[in-house]
Amino acid sequence: MNNYKFLAIIPARYASTRFPAKPLALLDNKPVIQHVFEKIVNCVDKTVVATDNQLIADVVNGFAGEVVMTDINHRSGTDRCKEALDIVGNGFDIVINVQGDEPFIHYSQIQTIKKCFDDDNVQIATLVKPFAPTDGFKTLENPNSPKVVVNANNEAILFSRSIIPFVRGVERGDEWLKHHTFFKHIGIYAYKADVLRQITSLPQSDLEITESLEQLRWIQNGYHIKVGYTDVETIGIDTPDDLRKAEEFIKKQKNYE
């Protein structure tokens, strides 16, 4: 691995439309943001939470995490990461953006995305996970789970909330999963520091606006996104129902221990 210094930034805003204050929601008697922080703090050179809210900052300080206050008006977590980089990122080469609602992020996933930068030419990296045939068509077509098409160089060609590619000649349904390996996007990114500054200065693109996927802006502007592969399933906390499912998942894990 190159001798890069890695800075992990966890963007955490308070005013989520579907689940306000979700970084503070308790999961297994611990705030969601604390789960995320503790999963990655020992995987990188430095970890900070970037937030726009004093309540979140107080909670992070309470479990001895490092926090940086950022502007309330950022459009995306990537923009928040860029501001945090400008404040505390001097001397770091790579920024890893771990969403503050991913309490099941795994050590192996951080290592996989770091390893993408063994190639000096990599600008941006992300992770994908293959859909299994047993996942079923309903899971595949869920628009909240973006799909990715990858080229022979393990770079993302396209992201979409729709199912891509289309399987011609096969009845639309579970059979599609038997005829092609589809990839689910795992929403963790890593960027070279200068690239992060560049992509956040770009205007929104038409594809980004259409799909509401900011990574399409980067592709449309000629940036390359390296893909790492993981078999680890994660459960993002987007809604109160997701939190309930996460609690059930933890209980099942404990029952097997």
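In this predicted model, seven of the nine residues of helix H1 are buried, so H1 is largely enclosed by the rest of the structure. The buried residues of H1 are Val 32, Ile 33, Gln 34, His 35, Val 36, Phe 37 and Ile 40. Helix H1, which spans residues 32-40, is in turn part of what covers the buried residues of another helix, H4.

Helix H4 comprises residues 107-115, and its buried residues are Gln 109, Ile 110, Ile 113 and Lys 114. These residues cover an arc of only 135° around the axis, which means that they lie on the same side of H4. Besides H1, the elements that cover the buried residues of H4 include strand S1 (6-12), strand S6 (94-98), strand S7 (124-130) and strand S10 (183-192).

Strand S10 was examined in further detail. Of the 10 residues of S10, 10 are buried, so this strand is largely enclosed by the rest of the structure. Both faces of S10 are covered, with Phe 183, His 185, Gly 187, Tyr 189 and Tyr 191 buried on one side, and Lys 184, Ile 186, Ile 188, Ala 190 and Lys 192 buried on the other. Strand S10 also pairs with other strands. It runs antiparallel to S6, to which it is joined by five bridges, and within this pairing Val 98 has Ile 188 of S10 as its bridge partner. The pairing of S7 with S10 is likewise antiparallel and extends over seven bridges; here the bridge partner of Ile 124 in S10 is Tyr 191. Strand S8, made up of residues 147-150, pairs with S10 in the antiparallel sense over two bridges, and Lys 147 has Lys 184 as its bridge partner in S10.

Attention then turned to charged side chains. Side chains of opposite charge can pair when their charged atoms come close. The structure holds 17 salt bridges. One of the 17 salt bridges is formed by the side chains of Asp 101 and Lys 22, with an N to O distance of 2.8 Å. This pair links distant parts of the chain, since Asp 101 lies in the loop between S6 and H4, whereas Lys 22 lies in the loop between S1 and strand S2 (26-27), 79 residues apart. Asp 101 has a relative accessible area of 8% and is therefore buried, and Lys 22, at 14% relative accessibility, also counts as buried.

A further salt bridge connects Arg 80 with Asp 52, the closest N and O atoms being 3.7 Å apart. This pair, too, links distant parts of the chain, with Arg 80 placed in helix H3 (residues 77-88) and Asp 52 in the loop between strand S4 (46-51) and helix H2 (54-62), 28 residues apart. Both Arg 80 and Asp 52 are buried.

Helix H3 also contains a salt bridge of its own, in which the side chains of Asp 86 and Lys 82 meet at 2.7 Å, N to O. Because Asp 86 and Lys 82 are four residues apart in helix H3, they are separated by about one helical turn. Asp 86 has a relative accessible area of 40% and is therefore partly exposed, and Lys 82, at 27% relative accessibility, counts as partly exposed as well. Elsewhere, salt bridges that share partners join Asp 241, Arg 244, Lys 245 and Glu 248 into one network.

On the surface, Ile 157, Leu 158 and Leu 207 form a nonpolar patch, whose accessible area together is about 220 Å². Of these residues, Ile 157 is located in strand S9, which covers residues 156-160. With a relative accessible area of 44%, Ile 157 is partly exposed.

Finally, the segment before S1 was considered, in which Asn 2 is found. At 24% relative accessibility, Asn 2 counts as partly exposed. Leaving aside residues up to four places away in sequence, Asn 2 touches Phe 117, Asp 118, Asp 119 and Asp 120. In contrast to these contacts, Asn 2 and Phe 249 are 36 Å apart in space, C-alpha to C-alpha, and 247 residues apart in sequence.

Technical notes
Residues numbered from 1 in each chain as written. Predicted model: local features only at pLDDT ≥ 70, side-chain atom pairs only at ≥ 80, totals over all residues. Heavy atoms only, no water. Patch = residues over 30% accessible without salt bridge, like charges linked within 9 Å, V, L, I, M, F, W, Y side chains within 5 Å. Areas by Shrake-Rupley, 256 points an atom, 1.4 Å probe, with all protein chains shown as cover. Salt bridge = Lys/Arg side-chain N within 4 Å of Asp/Glu carboxyl O. Buried < 20%, exposed > 50% of the residue type's maximum accessible area, 1.4 Å probe, protein only. Arc of directions from axis to C-beta. Contact = heavy atoms within 4.5 Å. Pairing = 2+ DSSP bridges.
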